[in-house]
Amino acid sequence: ARIVCLDRTNQIYRNKVKSQNSILTYLLNQQEDINFITYMDEITFANNSFLEFFNIKDISSTTDIENIFKKHNDFVYPASTQEKNIFIKTFFKQLQNTEDDKKVVSILDINSNQQSYFINISIIDEKEELYFISLSKT
């Protein structure tokens with residue numbers, strides 16, 4: 001009887017987590033801002049605005065995260081690093097020392113037109129190197 005009770009509790013918990021994930025996904029997909037989550041430098045979630053902007057069907061077809069941002073003299077761009085999987089971590093640290101009105105990046109749309117966006121990077125879990133990146137039109 002105790003095992004059945006634990007199984008039922010686990011099922012209730014899993015259903016609650018699944019429901020919360022669905023709500024969060026729905027809310028992020030309603031945003032005009034381009035939002036995505038990275039684990040190290042791998043994109044693990046992207047909202048509909050991201051998918052539409054880059055004209056991709058799902059995140060499995062995304063390019064390397066470093067290819068999203070383009071160097072431009074008027075905009076912030078991460079300092080180069082030789083280490084793998086620390087692009088976003090390096091960029092996050094760099095942005096901490098950047099004035100808010102200077103946190104603007106350059107990215108290319110599906111027609112290779114340069115677009116500028118304000119960038120915000122937040123840590124979801126520093127130990128796991130999970131970051132939430134939000135790009136808002138300038």
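**Exercise 1.** Which backbone nitrogen does the side chain of Asp41 reach, and at what distance? Place Asp41 in its surroundings, and decide whether this residue is buried or exposed.

*Solution.* The model is predicted, and the steps below should be read with that in mind. Starting with the chain, Asp41 is found in the loop between strand E1 and strand E2, the latter spanning residues 42-46. From this loop, the side chain of Asp41 reaches the backbone nitrogen of Ile88 at 3.1 Å, and Asp41 also touches Ile65, Asn85, Ile86 and Phe87, if residues up to four places away in sequence are not counted. The relative accessibility of Asp41 is 10%; because buried means under 20%, Asp41 counts as buried.

**Exercise 2.** What is the order of the six strands in the open sheet, and which strands are at its edges?

*Solution.* The order is E2-E1-E6-E5-E4-E3, with antiparallel pairing; the edge strands are E2 and E3, each of which pairs on one side only. Working inward from E3 (69-70), two bridges join E3 to E4 (residues 104-108), and here Lys70 stands opposite Ser106. Strand E5 (residues 114-125) is joined to E6 by eight bridges, with Ile133 as the bridge partner of Ile121, and these two strands form a hairpin with four residues between them, where Glu129 in the turn has a positive phi of about 55°. Finally, E6 (residues 130-137) pairs with E1 (residues 34-39) over six bridges, and Leu135 stands opposite Ile34.

**Exercise 3.** Which strands does helix H3 lie across?

*Solution.* Helix H3, comprising residues 87-96, lies across E1, E3, E4, E5 and E6, and runs at about 100° to E5.

Key. Residues numbered from 1 in each chain as written. Predicted model: local features only at pLDDT ≥ 70, side-chain atom pairs only at ≥ 80, totals over all residues. Heavy atoms only, no water. Pairing = 2+ DSSP bridges. Buried < 20%, exposed > 50% of the residue type's maximum accessible area, 1.4 Å probe, protein only. Polar contact = N/O pair within 3.5 Å; in protein donor to acceptor, adjacent residues only side chain to side chain. Contact = heavy atoms within 4.5 Å. Axes fitted to C-alpha atoms, helices over the stretch in contact; angles between N-to-C directions.
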